[in-house]
Amino acid sequence: MRAVQVPEPGADFEVVETEIPDPAADEVRIEVEACGVCHSDVFVKEGQWPGVEYPRVPGHEIAGYVDAVGDDVTEWNEGDRVGVGWHGGHCFTCEPCRRGDFIACENAGVTGISFDGGYAEYVVAPHEALASMPEDLDATSAAPLLCAGVTTFNSLRNSSAEPGDLVAVQGVGGLGHLGIQFARASGFEVAAVSRGTDKRDLAMELGADHFVDSEAEDPAEALQELGGADVLLATAPSADAIASVVGGLGVEGELLTVAVPGEEVPVSVQALVQGRRRVQGWPSGTAKDSQDTLEFGALRDVESMVETYSLEEAADAYEAMLSGDARFRAVIEP
Ligand SMILES: [Zn+2]
Ligand SMILES: [Zn+2]
């Protein structure tokens, strides 16, 4: 099969011919139809994740069909339509796992980091890392739901926001354009925050009720004029951009960040204390959370907007993601 691997930290991607991997007894092999390019692929590309063995094939927004199942796998069959996201399996025996908190597993696998991911024609994953995917979803459009989608949907549904509350989505990019749609579909009043007016029309089409241009006005003040955000979903990995909107939180407002900027984000502790505000981070979700995301996305017509690339163009796809030029998710079709 053809695969795109990172030979060593910081090195360029290389397209290689390699053996099609066989699934172990508790694993499933998937023929990859599409794989999204996520900002977290930087961890593998630049060697920012401890313990990664190189060469490594990145990619954790995988949509495809089950191609082969290991001897002990009972819940999946050849031909099943499935997806695999960031959460690449768990141990079932550590303390969080024994509480059913699989995403917090102390020995959790990460797709495309602890084992080869979806920048390839085939991928092998632990059986518990698979989500069932509705047949009517297009693979290329659905792939980003496996990380960008589940991360925004699952963080919002676990947040303190209730229907009618003001949810501000900071950033209208790979995560943000899905966050706006999921926030709208979940019954929230939605404010999109972005720099410049480029994305105003799109944000409104995706379901935003308000658009805040953080270049033209102070985004924190603009959100306060709307009553203050009950939840501020930070999706763009810029410490400055996140810091500029934190002041827009209402009383008991929650800064919910799914973006991971490289630098620290300054937050006024006085504002936290006086307004009983909170700061919360959220990772993606388990395979079942991904499945919920796919099913709800299909039900409410949540669609990711994508640019497609071949395996050979993986470096271009990665560059488009990194520079923020991708509209809005770069997806590789092996
Ligand atoms: Zn991701
Ligand atoms: Zn565990």
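This report describes the metal sites, aromatic contacts, cysteines and selected buried residues of the structure shown above.

The model is predicted: local features need pLDDT of at least 70, side-chain atom pairs count only at pLDDT 80 or more, and totals for chains, interfaces and linings use all residues. Residues are numbered from 1 along each chain as its sequence is written, chains are lettered from A and ligands numbered from 1 in the order in which they are written, and side-chain values use heavy atoms, with hydrogens and water left out.

## Zinc sites

Donors are N, O and S atoms within 2.8 Å of the metal (3.2 Å for Na, K and Ca); water is not among the atoms, so sites may look incomplete. The zinc ion (ligand 2) has as its protein donors Cys91 (SG), Cys94 (SG), Cys97 (SG) and Cys105 (SG), which lie 2.3 to 2.4 Å from it. Along the chain, the donors of this zinc ion (ligand 2) have the spacing C-x2-C-x2-C-x7-C. The angles among its 4 donor atoms are 103 to 120°, and the site is tetrahedral. Four donors count as tetrahedral if all angles lie between 85 and 135 degrees; four count as square planar and six as octahedral if opposite donors are over 155 degrees apart and all others between 65 and 115; anything else is irregular.

The zinc ion (ligand 1) is coordinated by Cys38 (SG), His60 (NE2) and Cys147 (SG), at 2.0 to 2.2 Å. The spacing of these donor residues in sequence is C-x21-H-x86-C. Two of them, histidine 60 and cysteine 147, link distant parts of the chain, 87 residues apart: histidine 60 is in the loop between α1 (41-45) and β4 (62-69), and cysteine 147 is in the loop between α3 (139-142) and α4 (148-157). Helices (H or I, at least four residues) and strands (E, at least two) are DSSP runs, numbered from the N terminus.

The table gives the accessibility of several donor residues. Buried means under 20% relative accessible area, exposed over 50%, and partly exposed in between (1.4 Å probe, protein chains only).

| Residue | Relative accessible area | Class |
|---|---|---|
| Cysteine 91 | 23% | partly exposed |
| Cysteine 94 | 7% | buried |
| Cysteine 97 | 5% | buried |
| Histidine 60 | 2% | buried |
| Cysteine 147 | 8% | buried |

## Aromatic rings

A pair of aromatic rings is described by the distance of the centres and the angle of the planes. Rings of Phe, Tyr and Trp (its six-membered ring) pair if their centres lie within 6.5 Å; planes under 30 degrees apart count as stacked, over 60 as edge-to-face and the rest as tilted. The structure holds 9 aromatic pairs. In one of them, tryptophan 49 and tryptophan 86 have ring centres 5.5 Å apart and planes at 80°, so the pair is edge-to-face. This pair links distant parts of the chain, 37 residues apart, with tryptophan 49 in the loop between α1 and β4 and tryptophan 86 in the loop between β5 (81-84) and α2 (95-98). Tryptophan 49 is partly exposed at 29% relative accessible area, whereas tryptophan 86 is buried at 16%.

Another pair, phenylalanine 153 and phenylalanine 182, is tilted, because the ring centres are 5.1 Å apart and the planes stand at 40°. Phenylalanine 153 lies in helix α4 and phenylalanine 182 in helix α5 (residues 176-185), so the pair ties together parts that are 29 residues apart in sequence. Both rings belong to buried residues: phenylalanine 153 has a relative accessibility of 8%, and phenylalanine 182 has 0%.

Ring pairs also link Phe13, Tyr119 and Tyr318 into a cluster. The charged end of lysine 45 sits over the ring of phenylalanine 13, 5.3 Å from its centre. Likewise, the charged end of arginine 29 sits over the ring of tyrosine 122, 5.9 Å from its centre. A charge sits over a ring if NZ of Lys or CZ of Arg is within 6 Å of the ring centre and within 35 degrees of the ring normal.

## Cysteines and buried polar residues

A disulfide is here a pair of cysteine sulfur atoms within 2.5 Å, and by this rule the count is 0 disulfides. For cysteine 35, the closest cysteine sulfur is that of cysteine 38, at 9.7 Å, which is too far for a bond. Cysteine 35 is buried, with a relative accessible area of 0%.

Glutamine 170 lies in strand β8 (residues 166-170) and is buried at 3% relative accessibility. Its side chain reaches the backbone nitrogen of alanine 236 at 3.2 Å. Such a polar contact is a pair of N or O atoms within 3.5 Å; within protein, one must be able to donate a hydrogen and the other to accept it, and residues adjacent in sequence count only if both atoms are side-chain atoms.

Aspartate 41, in helix α1, is buried at 2% relative accessibility.
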